[in-house]
Amino acid sequence: MKRTKKKNKRNMKNKKKSYQKRNRMLLFICIVVIAFTCFIIGKREETILANGEAVSLSEIKNIIEEKQAKVNRYIVYGTHLNLEGEIEILSEVENAQIVLRKEGGEENVIDTTYETSNNLLSFSTLDKINEGIDLENLDICDYFLLLKISYLNGQEKYYSLENNSQYQEKIEYYTITKNNLNNKINIEFVNKNNISAFVLNVNKISKLPEDMYDVVIDPGHGGSDSGAISGIYREDEIVLDCSLELKKKLEDLGLKVLLTRDGTEGKQYDMYNIYDKDGRVTMANESGAKILVSLHLNSNESDFVDGGVEVYASPNMDYKLAMDLSDNIVHTANTTYSKMESFKEELGVYVRTIDVEKNLESFKGYKRNL
Ligand SMILES: [Zn+2]
């Protein structure tokens with residue numbers, strides 16, 4: 001036992017040394033890409049809200065108007081649920097909010113951005129990614145989602161929500177593992193006695209389903225695609241080593257981690273099929289993970305470039321996580337922020353948008369209902 005430990009320690013030391021050597025030789029620019037996975041369609045089979053039996057609509061029936069608000073789009077992105085919709089209005093509006101109402105009347109209120117024109121009010125909870133309805137901190141109960149409009153004439157009215165979007169399936173969301181526990185949230189429209197209601201049903205579960213994960217780590221490139229290369233050093237091999245180590249560290253913290261590749265993929269592994277059935281984008285989306293980290297390294301042979309950290313994040317979000325990551329890498333790895341100016345959002349934080357629709361069009365084989 002002792003011997004093995006010693007041996008591991010020595011291996012670690014050797015590994016460390018070889019990375020330092022590589023750093024000197026390649027002047028690496030380290031790139032971490034973080035994104036929040038986005039999933040619209042759930043496909044798990046448990047049905048806690050079967051036929052809406054578990055939900056009593058009688059209570060909200062007493063407070064809602066006959067008219068309903070239409071939800072044109074709803075989406076879970078990262079840890080938040082967001083919706084966009086519209087409703088006809090009769091008088092001037094002072095405020096429009098989404099209310100999460102518990103049985104008993106307790107309310108969580110979420111502000112929307114809204115605009116009115118020709119007696120139509122359009123609302124959206126989606127202003128920035130990771131704003132909106134926080135799914136990580138809900139109580140274990142059922143919530144009804146209602147639109148609450150405060151009119152300038154002093155009236156306050158509640159409207160139930162009907163599904164006017166192209167998504168008809170239930171979304172199943174699993175919260176990030178904390179102390180070996182997760183909440184499972186069923187997000188769905190239920191119909192009963194001519195009332196349509198948008199309901200969040202929150203339950204505690206003791207384990208994530210086998211195919212659900214907290215975090216996805218994507219070691220860049222792989223197979224026949226080496227990524228950056230310099231002499232005998234290949235980006236795909238180094239980021240795989242880093243990813244395996246990161247996976248272990250996150251697992252020690254109790255998180256469930258999925259790797260998009262683990263080094264056993266053959267030479268035929270084709271990075272360009274990222275949206276294919278087994279592609280890395282599809283894998284990340286279907287894993288239910290809240291955070292995706294893609295590790296990359298750039299090489300630069302020039303003596304004039306110092307290298308440094310570039311953390312690429314999704315557009316239109318709060319970049320605190322990206323900034324923290326960038327700062328931590330700079331300090332713990334004793335390196336610098338990248339000096340590259342294009343796509344720079346903050347020191348060490350970069351934002352590049354990718355036209356997903358355009359990309360998807362080029363992959364005819366497998367297309368999700370985005
Ligand atoms: Zn790369």
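This is a short walk through a predicted model, from a group of paired strands to a zinc site and then to two residues with a notable backbone angle.

Let us begin with strand β4, which covers residues 80-88. Strand β3, residues 69-77, runs antiparallel to β4, and seven bridges join the two. To find one of these contacts, look for Ile75, whose bridge partner in β4 is Asn82. Between β3 and β4 there are two residues, and together the strands form a hairpin. Gly78 sits in the turn of this hairpin, with a positive phi of about 65 degrees.

β4 has other partners to visit too. Strand β8, residues 120-124, pairs with β4 in the antiparallel sense over five bridges. Here you can pick out Glu86, which has Ser122 in β8 as its bridge partner. Strand β9, made of residues 133-134, also pairs with β4 in the antiparallel sense, this time over two bridges. In that pairing, Leu81 is matched with Ile133 of β9.

Now let us move along to the metal. Which residues of the protein serve as donors to the zinc ion? They are His221, through NE2, Glu235, through OE, and His296, through ND1, and they lie 2.1 Å from the ion. Along the chain, these donors follow the spacing H-x13-E-x60-H. His221 lies in the loop between β15 (215-219) and β16 (229-230), while Glu235 belongs to helix α3 (residues 235-252), so this pair ties together parts that are 14 residues apart in sequence.

Are His221 and Glu235 buried or exposed? Both of them are buried. For His221, the relative accessible area is 15%, and the cut-off for a buried residue is under 20%, which is why His221 is placed in that class.

His221 deserves one more look, this time at its backbone. Its phi is near 65 degrees, a positive value in a residue other than glycine. As background, most residues other than glycine have a negative phi.

Our last stop is Phe343, whose phi is also positive and near 65 degrees, again in a residue other than glycine. You will find Phe343 in the loop between α5 (320-332) and β21 (344-346). How does Phe343 stand in terms of exposure, and what is its relative accessible area? Phe343 is partly exposed, with a relative accessible area of 40%. That value falls between the 20% limit for buried residues and the 50% limit for exposed ones, so Phe343 belongs to the class in between.

Note on methods. Residues are numbered from 1 along each chain as its sequence is written. This is a predicted model: local features need pLDDT of at least 70, side-chain atom pairs count only at pLDDT 80 or more; totals for chains, interfaces and linings use all residues. Side-chain values use heavy atoms; hydrogens and water are left out. Two strands pair if DSSP finds at least two bridges between them. Helices (H or I, at least four residues) and strands (E, at least two) are DSSP runs, numbered from the N terminus. Donors are N, O and S atoms within 2.8 Å of the metal (3.2 Å for Na, K and Ca); water is not among the atoms, so sites may look incomplete. Buried means under 20% relative accessible area, exposed over 50%, partly exposed in between (1.4 Å probe, protein chains only).
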